[in-house]
Amino acid sequence: MGIEAKWGRNIGHLPKGPRNKISDVAGVTVGHCTLAEGEVQTGVTALLPHPGDVFHEKVMAACHVINGFGKTTGLVQIEELGTLETPILFTNTLSVGTAQTALVKYMLDRCPDICDTTGSVNPVVCECNDSYLNDIRGLHVTEEHVFAALNACTADFAEGAVGAGRGMRCHGLKGGIGSASRMVELDGKSYTIGALVLSNHATFDDLIVAGTPIHELLAQRIPPHEDKGSIITVLATDIPLSERQLKRLCHRALVGLSRTGSACGNGSGEIVLAFTTANRVPHYSEKALLPMGYLHDDAINPLFRAVAECVEESVLSSLLHAETVTGRKGHTVQSLAELLK
């Protein structure tokens, strides 16, 4: 059920893609491996930028740290070179090392030249802390779980309390994986911008749903809590953009987060990555100069609007699709969808 059907309100003005997910950008797929048993409420989510060899056919990329309380890997090289050369993984904070090792093995298996006849690889792993619901100290995520998520990638993926989102809280309610997409027209051709979030941030009293504070929609409240979580946002598009323009899109993610009531607390990590499938960078090239198209900056405003709408709806979608979960020490986090009933 979509946002409009649930709340009777539309998010933004731009047309949505057919799935209203990041996978509306052709070739982008997402997969999950969910661990949900007793005090173990966690998992892994994987995103493939395109179905080919991402190391040898990199995508132009950028990143932006809104608030840097996080342990994401791979951002330094993306910042320097402006390319993404591996899938993007999401998991809990203490499983970043395991996920990185698994992703390296995944890439080595597919690219025999890495660290042999060519340089190293830059694995990208993102995290949020799910220790309220999950026995994070137990280090339950294994390399096999990472491989399972990578092998499960599809365009029609689940949202809510799945994969890396299993143990996450968003605005004090059950959060997790959320996604949305928007269509924009440039020179008479339709293009797509999509967002995927791992939501684990913000406070209940600040939550805004389609412009309405949550306390006007719900009689029930939850106990006060600090804004100590994080949110990872990934943006994808098929519009030819430079890495500078992709970074400008990253900056606009904050607009969408603000529309849902996020204040980006001191202990919250807000990290954004963006890539375009239109501009590919070959790992090997016989030519010194590579042909790349990019957008005229005067035409970029619709893209900024699309990012804001996608991120806002992705956060709300993560709430809408998540069920109530009970985990570590009997902690229970309620589902917004169930409260709205």
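Is C33 buried or exposed? With a relative accessible area of 13%, C33 is buried. That value, like the others here, comes from a predicted model, and it makes a good starting point for a walk through the fold.

Let's stay with the cysteines for a moment. The count of disulfides comes to zero. For C33, the nearest cysteine sulfur is that of C153, 12 Å away, and C33 is in no disulfide. C126 is in no disulfide either; its nearest cysteine sulfur belongs to C128 and lies 8.6 Å away. C126 counts as buried too, with a relative accessibility of 0%.

Both C33 and C126 lead us to an open sheet. Four strands make it up, in the order β1-β2-β5-β6, and their pairing is mixed. The edges belong to β1 (29–37) and β6 (124–128); each has a single partner strand, so one side of each is left without a neighbour in the sheet. From one strand to the next, the twist averages 15°. Inside this sheet, β2 (residues 40–48) runs antiparallel to β5 (residues 88–92), and three bridges join them. One pair to look for is T45 with its bridge partner F90 in β5. Helix α3 (residues 96–110) packs on this sheet, where it touches β2, β5 and β6, and its direction makes about 155° with that of β6.

Now turn to the open sheet of six strands. Reading across it, the order is β4-β3-β14-β13-β10-β9, again with mixed pairing. Here β4 (83–84) and β9 (176–186) are the edge strands, and because each has a single partner strand, one side of each is left without a neighbour in the sheet.

We can cross this sheet strand by strand, starting at β4. Strand β3 (residues 57–68) pairs with β4 in the antiparallel sense over two bridges, and V59 stands opposite L84 in β4. Further along, β13 and β14 pair in the parallel sense over eight bridges, with I232 opposite I271 in β14. On its other side, β13 meets β10 in the antiparallel sense, also over eight bridges. Two places to see this pairing are S199, whose bridge partner in β13 is I231, and L196, whose bridge partner there is V234.

The last step takes us from β10 to β9. These strands run antiparallel and are joined by eleven bridges; M183, for example, has T192 in β10 as its bridge partner. Together β9 and β10 form a hairpin with two residues between them, and D187 in the turn has a positive phi of about 50°.

How covered are these strands? In β10, ten of the twelve residues are buried. In β13, eight of eight are buried. In a regular strand the side chains alternate between the two faces of the sheet. For β13 both faces are covered: S230, I232, V234 and A236 are buried on one side, and I231, T233, L235 and T237 are buried on the other.

Two helices lie across parts of this sheet. Helix α5 (residues 243–259) lies across β3, β13 (230–237) and β14 (269–282), running at about 40° to β3. Helix α6 (residues 301–320) lies across β9, β10 (189–200) and β13, and runs at about 155° to β9. The 20 residues of α6 reach 29 Å from first C-alpha to last, close to the 28 Å expected at 1.5 Å a residue. Of those 20 residues, 17 are buried, so α6 counts as mostly covered.

These strands and helices come together in the nonpolar interior. In soluble globular proteins, nonpolar side chains tend to be buried together. In this model, the largest nonpolar core has 43 residues, and those with the most contacts inside it are L173, L207, L235, I239, L249 and L303. At least two core residues come from each of β3, β9, β10, β13, α5, β14, α6 and α7 (336–340). The most come from α6, which gives nine. To see how these parts meet, look at L303: beyond its neighbours within four places in sequence, L303 is in contact with V184, L186, I193, I239, L241, L249 and L295.

A second, separate core has 29 residues, including A61, F90, V124 and I232. Two of these names have already appeared: F90 as the bridge partner of T45, and I232 as the residue opposite I271.

Conventions. Residues are numbered from 1 along each chain as its sequence is written. This is a predicted model: local features need pLDDT of at least 70, side-chain atom pairs count only at pLDDT 80 or more; totals for chains, interfaces and linings use all residues. Side-chain values use heavy atoms; hydrogens and water are left out. Two strands pair if DSSP finds at least two bridges between them. Contact means heavy atoms within 4.5 Å. Axes are lines fitted to C-alpha atoms, for helices over the stretch in contact, and angles run from 0 to 180 degrees between N-to-C directions. The expected span of a helix is 1.5 Å times one less than its number of residues. Buried means under 20% relative accessible area, exposed over 50%, partly exposed in between (1.4 Å probe, protein chains only). A nonpolar core is a set of buried Ala, Val, Leu, Ile, Met, Phe, Trp, Tyr and Cys residues joined through side-chain atoms within 4.5 Å. A disulfide is a pair of cysteine sulfur atoms within 2.5 Å.
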